[in-house]
Amino acid sequence: MARALLLFALFVLPALVTAARPTRNPFAVEGCVYCDTCRAGFETPKTTYIAGATVRVECKDRKSLDLVYSKQGKTDSTGTYKIFVTEDHADQICDAMVVHSPQHDCKTPAAGRDRARVVLTRNNGIASDNRFANAMGFVKDEAVSGCTELLQQYQEFDN
């Protein structure tokens, strides 16, 4: 009887306590979406931020790469988004990605800046539930005026 009580205390009680514990706060995936107005491949002082852009968080199985989670959100008036993810995705590869731009002349996703990797697990030492994704963008169809001069300034710093 004592052995059964000990096994109950060691194995069953911790499982019951874990199951009864309220769910943790969701992860908040945050970032911004911009329009590369100079077609530079990075943010510049002429960069504008896109209100109403659609962003998606996707998680894929690490081995099979099958899609196991997807959630969309939109940017606010400042081009910033926040998407809440309730599950832990420890064994998955998760990315935030641009989906759609409402700007008719800035709809092409920027190569290499169209997605950002995010870690969505609590098993990695990060104390905060906030996950900040790198800025993602779209490329303007034609560069705005003043970009040539601006990009020449960047070249001056390289020399």
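**Notebook: aromatic rings and the nonpolar core**

I searched the whole structure, which is a predicted model, for aromatic pairs and found one. The pair is made by Phe 42 and Tyr 154, whose rings lie 5.4 Å apart centre to centre, with 85° between the planes, and I therefore enter the pair as edge-to-face, since planes over 60 degrees apart count as such. I then looked up where the two partners sit, and noted that the pair links distant parts of the chain: Phe 42 belongs to the loop between strand S1 (27-36) and strand S2 (48-49), whereas Tyr 154 belongs to helix H2 (residues 147-158), 112 residues apart.

Are these two rings buried or exposed? I read a relative accessible area of 31% for Phe 42, so that residue is partly exposed, and at 30% Tyr 154 also goes down as partly exposed.

Next I looked for a charge over a ring, and recorded that the charged end of Arg 122 sits over the ring of Phe 27, 4.1 Å from the ring centre.

I turned last to the largest nonpolar core, which has 23 residues, and asked which of them touch the most other members. They are Val 29, Val 33, Tyr 81 and Leu 120. At least two residues of this core come from each of S1, strand S3 (54-61), strand S5 (80-85), strand S6 (92-100), strand S8 (115-118) and strand S10 (136-139), and S1 gives the most, with four residues.

For Val 29 I listed the contacts, leaving aside residues up to four places away in sequence: Val 57, Tyr 81, Lys 82, Ile 83, Val 85, Ala 96, Val 118, Leu 120 and Arg 131.

Key: Residues numbered from 1 in each chain as written. Predicted model: local features only at pLDDT ≥ 70, side-chain atom pairs only at ≥ 80, totals over all residues. Heavy atoms only, no water. Phe/Tyr/Trp six-rings, centres within 6.5 Å; stacked < 30°, edge-to-face > 60°. Buried < 20%, exposed > 50% of the residue type's maximum accessible area, 1.4 Å probe, protein only. Lys NZ or Arg CZ within 6 Å of the ring centre and 35° of its normal. Core = buried A, V, L, I, M, F, W, Y, C linked by side-chain atoms within 4.5 Å. Contact = heavy atoms within 4.5 Å.
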